[in-house]
Amino acid sequence: MAQVSVIIPVYNVESFVAQCLATVRAQTLRDIEIICVNDGSTDGSLTLLEAAARLDDRIVLVDKPNGGLSSARNAGIERATAPYLMFVDSDDLLETNACERVLETFEETDADIITFGATCYPAWGGNDWLVGCLSPAPASYVGQDFDLMFREDTRPYVWRSAVTRAFLDRAGLRFREDVRFGEDQVFYFEAYPQAARCEVIADKLYLYRTSRKDSLMDQRLSSKAAKANNHVNIAAKIFSIWDEQGWLDLEGRRLLEWFGEFAGVDALSSEEAACNQTIADMRALVAPYWEALDTDALEGGTRGMFARIMDPTPLSKAEANKVLWLYYRHRYGWKFCVRKFAHDTLMRPFRAIAQACKKALPESAADKQLRLEREALLDAYEADRVAALEALRS
């Protein structure tokens, strides 16, 4: 029996899935199963998966009608036989020691969830927030510890966590198939509070592709208004789950503060009409819970933001900017405000130039060695894949 099941949802990624599979097949832990869930792809992805399955008997192919990412992951969970599960997006890559390191940590700690770090791929594609988010500080959490939930470096991508099958079954947890975007956030907000033990390790075991411009995330986050609207929908599901579980009584204040940062900032930064629509949606979401939440204890910036959100009078763009300024000033201080509103504006063109230079400058010796090793691995797999495709055609 395999020790780790690696679940890979696949939908129209024929340009990337072979590379993804190359890094999973090359894991130093050989006793794994690789569950590829073809979620109704309309390109050549299924043919590539069939070729890959001929190359490696550890690859299990699940072919299903399109149902979305959550549906595909759930299908993979149901097919998995290993006690430990990992999730890999089909356009990303795994470091070759990822499964071995995860298994070692599970055996050492008896954790329900392990969360690890990741590297932007290519390296120049990440921003400061993303690099920080994917660089977690190691920590152990035993019992229901909500501090883990509100750490920025332990979310929002589920591929940077591994879970035990026993925990998923014990908690009755699966990905919410009625959430078409942001399912990772919802999963974390439902899973972390139920875990008996969680381990956060600093190891960067995953390569997150940042340069795919046709990805679902790029499409959905094309504007601040669209981003804020999606975030309100995600938060609505989380508030509902927390209300059912009784967690709003425990940490509702902190969830509201998270919601202000998660959706309120982008809503207030949007054009006037979009801002007022999203603010109205936020108000409608929060209203049923408002009286039960400890709003008097809110952090000052969040308290001011929600005082205005709960007022149905439409905001002008100038007032929205003022609310946003006061939010940042109370929450992060004057220096942050100056950097956010003045320094960022002045430095934006220079940062763009620096990013372009970083992309164009010669890579370091260490980066070059790492790139050559990965390219050799991918080239070897490509030769295998071509041979398997030829065999399928014949």
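These are my notebook entries from a first look through this structure, which is a predicted model.

**Entry 1: the whole chain**

I began with the overall count. The protein chain holds 16 helices and 9 strands. Of its 394 residues, 50% count as buried. I then looked up how far along the sequence the contacts reach. Among contacts with a separation of 6 or more, 80% join residues that are 24 or more positions apart.

**Entry 2: the nonpolar cores**

Next I asked myself which residues touch the most other members of the largest nonpolar core. They are Phe 239, Trp 242, Leu 255, Trp 258, Phe 259, Leu 268 and Met 282, in a core of 70 residues. Helix α11, residues 248-269, gives the most to this core, with 10 residues. Another core lies apart from it and has 41 residues, including Val 4, Val 10, Val 17 and Val 24.

I picked Phe 239 for a closer look. Leaving aside neighbours within four places in sequence, I found Phe 239 in contact with Leu 248, Leu 255, Leu 256, Phe 259, Leu 285 and Tyr 289.

**Entry 3: helix α10**

Phe 239 is also one of the buried residues of α10, so I checked the length of that helix, residues 224-245, against what 1.5 Å a residue predicts. Its 22 residues should span 32 Å, and the end C-alpha atoms are 31 Å apart, which agrees.

Which residues of α10 are buried? My list reads Ala 228, Asn 230, His 231, Val 232, Ile 234, Ala 235, Lys 237, Ile 238, Phe 239, Ile 241 and Trp 242. A general point helps when reading such a list: an α-helix has 3.6 residues a turn, so residues three or four places apart point the same way. Just after α10, I noted that Gly 246 takes a positive phi of about 80°.

**Entry 4: two residues of helix α3**

I moved on to α3, residues 69-79, where Asn 74 has its place. Is Asn 74 buried or exposed? Its relative accessibility is 7%, below the 20% cut-off, so Asn 74 counts as buried. Its side chain makes a polar contact of 2.9 Å with the side chain of Glu 177. Leaving aside neighbours within four places in sequence, Asn 74 is in contact with Arg 174, Phe 175 and Glu 177.

Arg 73 is in α3 too. Arg 73 is buried, with a relative accessible area of 1%. Again setting aside neighbours within four places, I listed its contacts as Ile 7, Pro 9, Phe 87, Asp 89, Val 158, Phe 175, Glu 183 and Asp 184. Phe 175 appears in the contacts of both Asn 74 and Arg 73.

**Entry 5: empty space inside**

How many cavities of 30 Å³ or more does the whole structure have? My search of the whole structure turned up 1. The largest cavity holds about 40 Å³ of space. I read its lining as Gly 67, Gly 68, Leu 69, Ser 70, Ser 71, Glu 177, Val 179, Arg 180 and Glu 183. Helix α3 gives the most to this lining, with 3 residues. Glu 177, the polar partner of Asn 74, is among the lining residues.

**Entry 6: a residue in a loop**

My last stop was Glu 95, in the loop between β5 (93-94) and α4 (98-109). With 18% relative accessibility, Glu 95 counts as buried. I also looked up how far Glu 95 is from Ala 26, which is 69 residues away along the chain. Their C-alpha atoms are separated by 8.9 Å.

Key. Residues numbered from 1 in each chain as written. Heavy atoms only, no water. Core = buried A, V, L, I, M, F, W, Y, C linked by side-chain atoms within 4.5 Å. Buried < 20%, exposed > 50% of the residue type's maximum accessible area, 1.4 Å probe, protein only. Helix = DSSP H or I, 4+ residues; strand = E, 2+ residues; numbered from the N terminus. Contact = heavy atoms within 4.5 Å. Expected span 1.5 Å × (residues − 1). Polar contact = N/O pair within 3.5 Å; in protein donor to acceptor, adjacent residues only side chain to side chain. 1 Å grid on protein atoms, 1.4 Å probe; cavity = no way out; pocket = protein on both sides within 12 Å on 5 of 7 lines; lining within 4 Å. Points joined across faces, edges and corners; volume = space filled by probe spheres on them.
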